[in-house]
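Colleague: I would like a close look at a single part of this model. Please take one chain and describe it in a connected way.

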Amino acid sequence: MSTATGTSLQPGAQPPREPARKPSTMAQALNRALRDSLAADPDVHVFGEDVGTLGGVFRVTDGLAAEFGEDRCTDTPLAEAGILGTAVGMAMYGMRPVVEMQFDAFAYPGFEQLVSHISRMRNRTRGALPMPLTVRVPYGGGIGGVEHHSDSSEAYYMATPGLHVVTPATVADAYGLLRRSIASDDPVIFLEPKRLYWGKDDWSPEQPAEVPAIGRAVVRRPGTSATLITYGPSLPVCMEAAEAAARDEGLELEVVDLRSLVPFDEETVVASVRRTGRAVVVHESTGFAGPGAEVAARVSERCFHYLEAPVLRVAGFDIPYPPPMLEKHHLPDVDRVLDAVSRLQWESEWRDGEGSGSAGEGVR
Amino acid sequence: MTVLEQSGAYHLAPPPAWRPRRDPDPLLPDREPLRLLGTGAELDGELLLELYGQLVRGRRFNEQATALTKQGRLAVYPSSTGQEAAEVAAALALQEQDWLFPSYRDTLAAVARGLDPVAVLSLLRGDWHSGYDPRASRVAPLSTPLATQLPHAVGLAHAARLKGDDVVALAMVGDGGTSEGDFHEALNFAAVWQAPVVFLVQNNGFAISVPLAKQTAAPSLAHKAVGYGMPGRLVDGNDAAAMHHVLTDAVERARRGEGPCLVEAVTYRLDAHTNADDATRYREASEVDAWREHDPLVLMEQELRSRGLLDDAGAQKAGEEAERMAGDMRERMHQEPELHPMDLFDHVFAHRTTQLQQQAERLRAELEAAEAEGIPAAGEQDRHGQAHTDEQGSRK
């Protein structure tokens, strides 16, 4: 957290004039996206717990109240249902609220507003009342948070028709996806992988990268041997696993970053798996009835005749999120991903000699 | 005396001076619900007549809607019989630019605000979740989850004020709804933001079967306002003049920027919770009969007659006008709604996802196959698989 604080944008400061290619953190990119959205559209309002004077517990809203005034970046009473419920009313009046749920598990009191109103207001009013609001939710583990500070709740949101669910894994996507989410005419659950908040890459605030649209996955690393399908906090794990597999096993793993869980970019995923013939889905949230179950089912339906092996999942255990001193045993890591890759029936004796042709070269 | 004081080891600084954030006295409600009818209070005769006309229409609406449940035309109807005064006062206290946030029982308030009865009954008929355009009518969709629409009213009123618009939101909830967390959060937000909102609690005695005594230990529901820092007003909910007076006052107060207000209307639900409920299981007939003596229509009619503003001819005219409304409503409700199964995939998102597109194509193929075999589409069939009869008993 100290890193973010130390490099945060100062209240009232001009947009930073940093040279291109100077590394920026994801938290800074999110801050910049909020700032640019507030500047671009007077109907955008940021509110939530501690988002004003403090700048958010992760400093993502740092300086916004000072620059845009407390009416546009507002500290609310401590009440998640109230935050989401008032956001509904503001959206009904034509505003674009951007609200912060301070931590993943703190969002649960607001769940009724999400599932009973936000997700279905457009539908029940036949388009008369769209809900152009963005719910920012820092999620996931790996930062040593105590209980209720590390949940991965994406499956709940995914199972609610009417919500978009997106999650960036890179600094550039954090900016681009948040801008797109705020501009979207539909409600977006914007999941921020909190352990990547301080990750840097060479995204430049001077030349903010745009993402094409919400709902497009991206191939982060091309490969021919198998596809790793992942998103958010597990992307760096998969990238590292792919490098290790190439180095140690000569396997070229393709890594697909979903970026958006709803809408789901089936075409990119299916095209990749049809090329490679093997797939592993990797995420932190629980495996049972988790996001990977949906992905694996869709891949099985669409790629059955291309598959050399069952679709495997590497996920968190089906347990309440563990205490921080044990979380390293729970979170999918490089070894677990590589272990799953090794279980992808590389020998596949039963198909030997049939020359299916879809298994990547260099497998043996 | 604390342990430290007893030990004498430390000098304790006196605590910083405490003062209440606001003087609670002006926020406290009266001990008795406000009444105007029958008190000789100075009242606007034209307003009384307008309220009377709306009460007669409202009673007839409740009767007609209940009859429609028996004819299979409404899936369910939560009657507001006995509560018409609060319903129509809520609608008449608002100006055109204001917003109404009704709960599922508040169909009458929406109709009194000028909405088409058939459109308002869409939710309860089951042909769509909401049959009117909330933005055009400034009536939010009828809310089924309790109290969840209250924070919407706060957010909308707050947004309107931020935009500099002269808009007040009136949010309606029942006595049971005051136990919900959203009630608390909405009132707290409204008071902190000084949002131009009026909360109307219709205390009709029961949350389905649970009486108020098992719902709250508060002296009155109006007392709850004080804890949030807003005034609470206690009104006889069957006295349409008092309801209109207090709500208009609260709305104009909010409009002047003086913040939110909570109004408790003390009333009674003469019918069961819905047509599916058996109220004899949880209350005595004598209790219901006692409240029938305090019927909002009777109270208003007595007032008007004693003032010489209404005679038999006037009462008959009001009844005939209500009958015309009911007849029109009945006739249109007996027409089969036009349903299009393909509408299921509209308005889920601004743009259909690939997955929804695929599902829509699958349904379309099913419908086309069924049509080829001469089977009507699902939505064109009677919900109950039965032929309807109209009020004269003839087969439709």
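How many positive and how many negative side chains does chain B have, and how far apart do the centres of the two sets lie?

Modeller: The model is a predicted one, and the description below should be read in that light. In chain B there are 39 positive and 60 negative side chains. The centres of these two sets lie 2 Å apart.

The charges belong to a chain of 396 residues, 53% of which are buried. Its accessible surface amounts to about 18,700 Å², and carbon and sulfur atoms contribute 50% of that area. Regarding secondary structure, chain B contains 16 helices and seven strands. Its C-alpha atoms occupy a box of roughly 95 × 65 × 45 Å along the principal axes. Among the contacts in chain B with a separation of 6 or more, 75% are between residues 24 or more positions apart.

For the partner chain, a domain description is available. The domain assignment of chain A gives domain 1 (24-201) and domain 2 (218-343). The centres of these two domains of chain A, taken over C-alpha atoms, are separated by 26 Å. Across their boundary, 27 residues of domain 1 of chain A are in contact with 22 residues of domain 2 of chain A.

An unreviewed UniProt entry annotates residues 24-199 of chain A as "domain: Transketolase-like pyrimidine-binding". Over that stretch, chain A is 36% helix and 17% strand, and the end C-alpha atoms of the stretch are 8 Å apart.

Note on methods
Residues are numbered from 1 along each chain as its sequence is written. Chains are lettered from A and ligands numbered from 1 in the order in which they are written. This is a predicted model: local features need pLDDT of at least 70, side-chain atom pairs count only at pLDDT 80 or more; totals for chains, interfaces and linings use all residues. Side-chain values use heavy atoms; hydrogens and water are left out. UniProt positions are given in the numbering used here, feature names are shortened, and annotations may be inferred rather than shown by experiment. Helices (H or I, at least four residues) and strands (E, at least two) are DSSP runs, numbered from the N terminus. Buried means under 20% relative accessible area, exposed over 50%, partly exposed in between (1.4 Å probe, protein chains only). Contact means heavy atoms within 4.5 Å. Accessible areas come from the Shrake-Rupley method with a 1.4 Å probe; for residues, only the protein chains shown count as cover. Lys and Arg count as positive and Asp and Glu as negative; His and the chain ends are not counted. The place of a charge is taken as NZ of Lys, CZ of Arg, CG of Asp or CD of Glu. Domain bounds come from an automatic or database domain assignment.
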